[in-house]
Amino acid sequence: MTIEIRDVSKSFGKVQALKNVSFSVPSGRVVGYVGLNGAGKTTTIRIATGVLPPDQGDVVIDGYSVTRDKKKASWRVGWVPELPIFESEFKAIDYFTYLAGYYGYKGSEARRLGEELLTKFGLGDAINRKLATFSQGMKKRFALAVSMINDPPNFIFDEVLNGLDPQGIAFFRELAVEFRKRGKAVLFSSHILSEVEGIADIVVFIHKGRIIGSHSIDEIKHEAKPAVELVLTKVDNDLLKLLGKYGEVSVVSGNRVLVRNPSVDSSVLISELVSKGIGVLEAKREEKTLEDFFFNLVKRAESGEL
Amino acid sequence: MNPVLYDFKRGVLRLSVLLTLLLFTVSGIGLAYLAITSISTTTTSHSAVYYSVIDASTRDYKLEALLLNPDYRPVDGEVSYKLGCYNTTELKRLESELGSTNREEFVNRASKLLNILDEGVVRSVNGRVVVEKNLSSKIEVEYACSLYINTTTPFGSSMTLVSVFSGRQYSQIQIENKTIYVLVETPWPSAAYPIVLTNNSMALTPPTTPGNIRGYVSASLVYITGSDKAKLILSLYSVGGGEFEVYLGKVSANTTLINIPVSFDPGDLEKYFNKVGVVEPGISSLEINTSLFNNTLRRAPAYYFVLYSRGNTSREYTVLKVPVNTVQSGLAARMIYMQLISSVGLGLFTAFFPIIVLYLVYVYIAKPRSQGALEFILARPITRFELYTVRFTAGVLVVAVATSLFYVALMTSINLLTGVSPSIQGGLILYGGLVLSLIAFYSFCYLLGSLTSGSRYIVASVLSYVLFSVLWSLIIYLIVYFIYRGVGVNILTEITRIQYTLNYFNPLRIQDYMQYYFMIQEVGEYSILPTGDILKEVVNPWLVATSTIAWIIMPFVLGWLKFRKASLIS
């Protein structure tokens, strides 16, 4: 139960949308896929779901290639797009029945399943409504219901929280967590890192069609803690031991020391150092958020560091 | 449900497509009526048998008519009639007064002498019309009566001027203090032969005196080429009212009429004649085996017939010399089919229904593609090729069903209206032409739907329709005109030649070739224009098959080559 993106590249005309993108989504894990708008998230996902052929590389779902064994691969992956588009002149139950035909369901059996799944995902009152009358949230729930026809072991949510009300956001976040509990491999894309906080185990960052990082959520949270950067007259073991009482200490360079997640205010920390005879040449408080982490990555990617 | 069938079903169950199917069906019926109406409104010499009797003493009036198609088979239609009588003494007086001096005044005043005693419009049942009435006006002995009758059948209409100088004249029989007016008429020739009493002698020319005439009969002998039966159609009235035996003069291979004496004894009837049947007074028809004509039907000018009634109190007879009317088989079908494949027949279907086809492609692929709706479908366990073929096949099924509905409605209507229906093979050829043309155009539009989407598809497909359906003939005409003007060739012939040559390059013209083969199959020739031989040169079955297959397969394949890598969002 894995989704493996293997060295995928894709161009639209002269614009290269993806460049050698590789990462994997293991079973029982939620992988957040984060990037700015236009970074290549949706293109990656369209390729992963088999609706867009890659120029190079492949996506392998549970061992089945989406380019060579598309039917088996598609059978094993569900997809809720950011903006689901249907032939909207149809009633929800009719279109569900039609799509269920591709999973081998007969008419009456498909209708029964449709009624069950649409009701389960909160569309019980809209079964006989035309899809054209559905809100974005309802369309996403409909796409979810269709994707759950065969309860696939892998799932892809593409910017699914966009445009949803708080109730809808909570619904899809809880659903992703539930899928993880059930051992599914879940790819959850977003352009806001904090959206995947509390859901994702790993976050893969993409920028301008290139993967610029893959970090566990703990690592990201750790990096995102507030810190005090100090430039001191001297740095030795005693000093580091002393600072260790107030937070996680690391030497940045020379006499430059970083105290992460300080337990006291920076003024208290400076007073304590001065009282011990250690000169504080410079002190700077850093308030980093998850987004800072993300933008820092982007900045580093832009500068060619990554 | 299988996605192809589901796509087909959901395609069919759209309101727009249901209306389309209804439109196809109604069009089939409508086109049948249109085609038949354009023939039926053509004035032709009518083919009908009439029998009418007026008993002046009782004022009983009877009119029977049997409407016939060009194959001399009963056909339904409408009969409008007027019975007019006028005083012959008054007419003679008027003629002596004005006839030679003031013709206009004479005609004007004579027309006012005509008294319409009865009139009506009657629809036939199985080709027959029967009117029985008691007239309100008395008919004096010096009156002459005429029947003004107009018939409308799917094969033409007749027009008769209502005037003392026109119409079908009744013959008057004076017998036993009664005056009876009799009108008997069969299709060509429409002469009425008197029926007379006989004692112990019959004559080839029965002697007629006013008191001797007991009735009248009219007869037509029809031979349909290729048939083993000839048909004797009779309209007969006799005072005796009994049945008549019908005898055909014996025929030898060399002399079409056997040497019958001028007069002979009734006991010798079978010496010179073969009995071919028995008829009742009124309208009747006898089928006579052609062997009795000894292979002379195509060259004999006429045959003798004797009608003989052996009544209890009186014996009546007449001798008829009836020319044979040889009719080419399938004449009715030929008339209908020529109309059917003309511009007011199937031409209308193929002119307008491609619009529905291009709309179908819009519904199945161009619109969902421009919306981006195909991607969500493609995320199901289905390959691109399956998605491509499923939608193609569903559209083809809709086209086939719609065309079938149209065709069945059309042919059923034609059959109900005219009794004409093609052979299974011919019917399949004609149907095949229609459905293959539309499928080829569907395939072409499908290619456009794969290359473009949304409004660009609409523009491209409508332009294609205009080119293939509307401008095609005009372009060919202009090409031929500018190439051949002043060269001294028959422009019409060259247009036909080039049109049928270039039609291989037009998906909607596949049906033109199928219509050609249909006519060859059903009536043995295709001669809408004097171009039959040219078409034999140009229409090649292998090229027709190749063109048809190419128009269906190639756009499908080219479309796939584009579709297989295309982004399915707008």
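This is a short tutorial dialogue on reading a predicted model.

User: What should I know about the model before reading it?

Analyst: The model is predicted: local features need pLDDT of at least 70 and side-chain atom pairs count only at pLDDT 80 or more, while totals for chains, interfaces and linings use all residues. Residues are numbered from 1 along each chain as its sequence is written, and chains are lettered from A and ligands numbered from 1 in the order in which they are written.

User: How many helices and strands does chain A have?

Analyst: Helices (H or I, at least four residues) and strands (E, at least two) are DSSP runs, numbered from the N terminus. Chain A has 11 helices and 14 strands.

User: Which domains make up chain A, and what separates their centres?

Analyst: Domain bounds come from an automatic or database domain assignment. Here they give domain 1 (3-221) and domain 2 (225-287). Taken over C-alpha atoms, the centres of these two domains of chain A are 46 Å apart. Along the principal axes, the C-alpha atoms of chain A fill a box of roughly 85 × 40 × 30 Å.

User: How many residues does each chain give to the contact between chains A and B?

Analyst: Two residues are in contact if their C-beta atoms, placed from the backbone, lie within 7 Å. Chain A contributes 22 residues and chain B 21 residues. On the chain A side, the elements giving two or more residues are α2 (70-75) and α3 (92-100). The largest share, four residues, comes from α2(A).

User: What share of chain A contacts is long in sequence terms?

Analyst: Of contacts in chain A between residues at least 6 apart in sequence, 65% join residues at least 24 apart.
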